[in-house]
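Reader: I am new to this structure and should be grateful for a close look at one part of it. Please take the salt bridges as the subject.

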Amino acid sequence: MVVLSFQAVQFRPPQHLPLHRPSAGNVIRCGIAEPSGEPAPLGQKTRYNDGFFDRAFMTLFARKMEKFAASAKAGTDTKKKGWWNLDYESFVDVSKRVMQGRSRMQQQEVVREVLLSMLPPGAPAQFRKLFPPTKWAAEFNAALTVPFFDWLVGPSEVIEVEVNGVKQRSGVHIKKCRYLENSGCVGMCVNMCKIPTQDFFTNEFGLPLTMIPNFEDMSCDMVYGQVPPPFEEDPVSKQPCFPDICSMANPSSNVCHKLQACTPPPPPPPPPLPHFGALERNNGVNLWQTVHISDSRCVSKKQARKT
């Protein structure tokens, strides 16, 4: 079992979303290999026994995201692995490579394109007709989330929430998010899961969704029917990195650098090579060829003089 350590960060869910926890008997445990059947304690990574359908979803998402990902290191390229050789670690690795060289908005757009690519044409419009933004639609989608997203986020349960002053069972409590636990990355949680999922349900499907990650214990609450706040007003926009467990962390920054809106600057160009020349003789003419190499482009100038 891999032992993780990180600094606790203060986080409180918005006060306008009261959450009511039901009994633990309603939790979907999704193949957890821990003796207790529950996620591992904070600071330890939960072990899972992924089944056929779990690996099918992991493979499907990883293959779809691979075309947007940066080149993999030797021995980790998912393209060279068999269809059923992909696991959750491979899925997380592809997610990390999708983030490389992309801004926050660009990362979110990739997830949107991947989600749309998995739906038949016209699916969002049909979803809007079948599930208008009502209490029933919010509760129904919360109930579907628990069994269908356990491969991605781990065990979860339907909870009662209050939306616009109305109590309804349209909340989903994720006990310890598998995606955040395995990546250890705040930016990946926000840019590759929370924000694009919120936007997809709210804007594409027309059913508002707010996701409230808790970076103290790696849990998360999904509230269907609640319109998400603007990113600048969301507490996650001020969230620092996990410097002890994230390989991409910037410990010197007060806010995770992956949450910045600007496009990452391009890498510095390589230093130019020195000039060099070569003397050629052709049909009684001396050709002095000067080649200057810079930025992988060659510029040639030929000066001829009579012999």
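Author: The following account takes the salt bridges one after another. This is a predicted model, in which local features need pLDDT of at least 70 and side-chain atom pairs count only at pLDDT 80 or more, while totals for chains, interfaces and linings use all residues. Residues are numbered from 1 along each chain as its sequence is written, and side-chain values use heavy atoms, with hydrogens and water left out.

Side chains of opposite charge can pair when their charged atoms come close. Here a salt bridge is a side-chain nitrogen of Lys or Arg within 4 Å of a carboxyl oxygen of Asp or Glu. The whole structure holds nine salt bridges.

One of them joins Glu34 to Arg47, with N and O 3.4 Å apart. Both Glu34 and Arg47 lie in the loop between strand 1 (19-20) and helix 1, so this pair ties together parts that are 13 residues apart in sequence. Helices (H or I, at least four residues) and strands (E, at least two) are DSSP runs, numbered from the N terminus. Glu34 is buried, at 10% relative accessible area, whereas Arg47 is partly exposed, at 40%. In these terms, buried means under 20% relative accessible area, exposed over 50%, and partly exposed in between (1.4 Å probe, protein chains only).

A further salt bridge brings together the side chains of Lys175 and Glu38, at 2.7 Å from N to O. Lys175 is in the loop between strand 3 (166-174) and helix 7 (178-183), and Glu38 is in the loop between strand 1 and helix 1, so the pair ties together parts that are 137 residues apart in sequence. Lys175 is partly exposed, with a relative accessible area of 26%; Glu38 is buried, with 19%.

Between helices, Arg97 pairs with Glu66, and their closest N and O atoms are 3.1 Å apart. Because Arg97 lies in helix 2 (residues 88-99) and Glu66 in helix 1, this salt bridge ties together parts that are 31 residues apart in sequence. Arg97 is buried, at 3% relative accessibility, and Glu66 is buried as well, with a relative accessible area of 8%. Asp93 also belongs to this arrangement: Glu66, Asp93 and Arg97 are linked in a network of salt bridges.
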